[in-house]
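Student: Hey, got a minute to go through a model with me? I'd like to talk about empty space and aromatic rings.

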Amino acid sequence: MWAYLTRRLAQAIAVVFVMAVIVFFGVNVIGNPVDILINPEFTEAEYQQAIRALGLHLPLHEQFFVFLSNALEGDLGISFVWGEPALKLIAQRLPATLELAGAAMFLSIVLGVPLGMYAGTKPHSWVSKSIVSGSILGFSLPTFWVGIMMIMVFAVMLGILPSTGRGDTVEVFGIEWSFLTWNGLTHLAMPAVNLALTNIALVIRLSRAGTREVMLQDYIKFARAKGLSQRRITLVHVLKNTLIPVVTVLGLELGSLIAFSVVTETVFAWPGMGKLIIESIQVLDRPIVVAYLMLTVLLFVTINFLVDIVYSLLDPRVRVSGAGK
Amino acid sequence: MSSDPKETAEPASIETAATAAAQPARLAATNVVETPFQRFLSEYCESKIAIVAFFVFAVILFVAVFAPLISPQNPYDLGQIDIMDGRLAPGSTTFDGATTYWLGTDDQGRDMVSAIFYGLRISLAVGALSGIIALVLGAIVGLTAAYFGGRIEAAIMRLVDLQLSFPAILVALMLLAILGKGVDKIIIALVIVQWAYYARTVRASALVEREREYIAAAKALGLSSWRILLRHLLPNVLPPLIVVGTVQVASAIALEATLSFLGIGLPITEPSLGLLIANGFDYMLTGKYWISFFPGVALLLTIVSINLIGDQLRDVLNPRLRR
């Protein structure tokens, strides 16, 4: 187990490093920051001075070293637009995004797993068939368009849910949360459902497929032969074995929810970091772009790492075969 | 693997022998057994939804290909649109009653039917082009990995796993933040996002096929690696590749629409469905729903029909579900 852990950790660190290289060279080599940062009316002397001040006269690998050592100290540059440290700006908006992603994750589990297992245990009933068709639709619907349509129906036509912002928030541990007030919850409702849609569909399909596969296994036949009730077979034996892939994918999906919140936040003007990154890409606010990308990479690698650990605990075959390589 | 002088002579005789052997069997069984294509067709048609999906997609494809010929107007010819007709509701007519805007007009007085036809054209072209490039790239990489194995395989699969651990939209966001806007840029981004899916699929099925007798036979005959890869391995890994391909084209179209909606995808000179929806979003809060509703329906029909086709193909082509 420890060998597996260390190996996996080293891998995670390597991934972060590689992504840092890609992001840094991508942003600084393909796009030239000098053109954006420096006033075109500068004289040659001023120009050279500005380049020196920005550290751009150094060879690229040294620039990268400076970037890396600053990044390790939590300094990812200062936003051109806001004039504040990029990391601070993103950190301010992180809770809003996490709240949205958390709410969406909650919805996908409480709706997806039961629906999927039902469809898996009774594959030929019409309810199951509509669940499956619904999940195909959930996959196919473009998130942003569904969001717009939700605004049209619930905010413009019916006027029952607010279409933008977070509403009233309550401060807990110095962080603002929407889900603790009624007004905040009404604001959270549409974006959370919107963000959860694809995920609910995914969970339905996974748990349905898992259930169908597990139902055919010998140990289920054995349990049935032993005279266990269908209820116990489904809730204990099938559920446990179905959950392995669901847990992995859900863990990985947490990151993807955070990434996809970019879309939902833009549609519903939810003040999270996804909305910030889109605005920053459009105005070429590179420090924020770099900071966002690095932070998301770090987040993803951490999530993947944790999921792998959980997975190896659930399914010992993973770490056995992993150690053999 | 080095080439062998026997290489050219042997496979021809083997192939003719095979067809000759198959011929009488097929002739004898004509009345009972269908050809593989007929069987494929009848199995595909078992699902009514899949048939509907196929026809919906056929119509969409027709509209996209012949958009300039069948659109009521050229929505991007300023001589043909009248800003006085801006934001008319669906079913409105022009002042003189000569033209009816069945799906309304946008803020510029552009007929939405025409705008959607042209938008479909751009969305499908970008989706299909990036899908095909990614498929070819992914298939080559995946086959290479599976066939050669060892370090090449380990390196390629590490890269695939690394990329697939990040969601498509994040990779696309990262690439577009670096590359900037443009048709070529978004196609590059979509190809980079997708190739890994193809590579993984191809490798997985090629790993199984690699162990089959016919590959061993081909190797024993001394065929070159490339010949084995392209003539023997590739045709046998095609079914899963086709399934992944349909689903990936649908998701490429959706991803392009999303990125264009966010304002970081296609430039406004290439008005895909995503851009039409983004444009309509500005008028949504005043109740003018049609500017983004109908392009969205077109996008939805495209994606859903492709996905349904892909779903049915998956069932038909999956040997494990063979009844």
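Tutor: Sure, let's take the cavities, then the ring pairs, then one residue of a helix.

Tutor: Keep in mind that this is a predicted model.

Student: Okay. How many cavities of 30 Å³ or more are there?

Tutor: The count comes to 2. The largest cavity has a volume of about 50 Å³, and the second largest has about 30 Å³.

Student: Which residues line the largest cavity?

Tutor: From chain A you get Ile281(A), Leu284(A), Asp285(A), Arg286(A) and Val289(A), and Ala177(B) is part of the lining as well. By class, that lining has 4 nonpolar residues, 2 charged and no polar ones.

Student: And what lines the second largest cavity?

Tutor: Its lining is made up of Gln163(B), Leu164(B), Phe166(B), Ala168(B), Val171(B), Val193(B) and Tyr197(B). Here the split is 6 nonpolar, 1 polar and no charged.

Student: Which helices supply at least two residues each of that lining?

Tutor: In chain B, α6 (150-164), α7 (168-179) and α8 (183-210) each do that for the second largest cavity.

Student: Switching to rings. How many aromatic pairs over all chains?

Tutor: There are 7. One of them joins Phe300(A) and Phe166(B), a tilted pair with 5.5 Å centre to centre and 45° between the planes.

Student: Where do those two sit?

Tutor: The pair crosses between chains: Phe300(A) is in helix α12 (residues 286-314) of chain A, while Phe166(B) is in the loop between α6 and α7 of chain B. Phe166(B) also belongs to the lining of the second largest cavity.

Student: Are Phe300(A) and Phe166(B) buried or exposed?

Tutor: Both Phe300(A) and Phe166(B) are buried.

Student: Why is the pair of Phe293(B) and Phe294(B) called edge-to-face?

Tutor: Because their planes are at 70°, and the cut-off for that label is over 60. The ring centres of Phe293(B) and Phe294(B) are 5.1 Å apart.

Student: How do Phe293(B) and Phe294(B) count for burial?

Tutor: Phe293(B) is partly exposed at 25% relative accessibility, whereas Phe294(B) is buried at 18%. The cut-off for buried is under 20%.

Student: Which residues do ring pairs link into a cluster?

Tutor: Phe144(A), Phe261(B) and Phe281(B).

Student: Last topic, Ala50(A). Where is Ala50(A)?

Tutor: Ala50(A) is in helix α3 (residues 44-53) of chain A. Ala50(A) counts as buried because its relative accessible area is 16%.

Student: What separates the C-alpha atoms of Ala50(A) and Val16(A)?

Tutor: A distance of 30 Å, with the two residues 34 apart along the chain.

Technical notes. Residues are numbered from 1 along each chain as its sequence is written. Chains are lettered from A and ligands numbered from 1 in the order in which they are written. This is a predicted model: local features need pLDDT of at least 70, side-chain atom pairs count only at pLDDT 80 or more; totals for chains, interfaces and linings use all residues. Side-chain values use heavy atoms; hydrogens and water are left out. On a 1 Å grid over the protein atoms alone, a cavity is a set of points where a 1.4 Å probe fits but cannot get out, and a pocket is an open set with protein on both sides within 12 Å along at least five of seven lines; lining residues have an atom within 4 Å of a point. Grid points are joined across faces, edges and corners, and a volume is the space filled by probe spheres set on the points. Ala, Val, Leu, Ile, Met, Phe, Trp, Tyr, Cys and Pro count as nonpolar, Asp, Glu, Lys and Arg as charged, and the others, Gly among them, as polar. Helices (H or I, at least four residues) and strands (E, at least two) are DSSP runs, numbered from the N terminus. Buried means under 20% relative accessible area, exposed over 50%, partly exposed in between (1.4 Å probe, protein chains only). Rings of Phe, Tyr and Trp (its six-membered ring) pair if their centres lie within 6.5 Å; planes under 30 degrees apart count as stacked, over 60 as edge-to-face and the rest as tilted.
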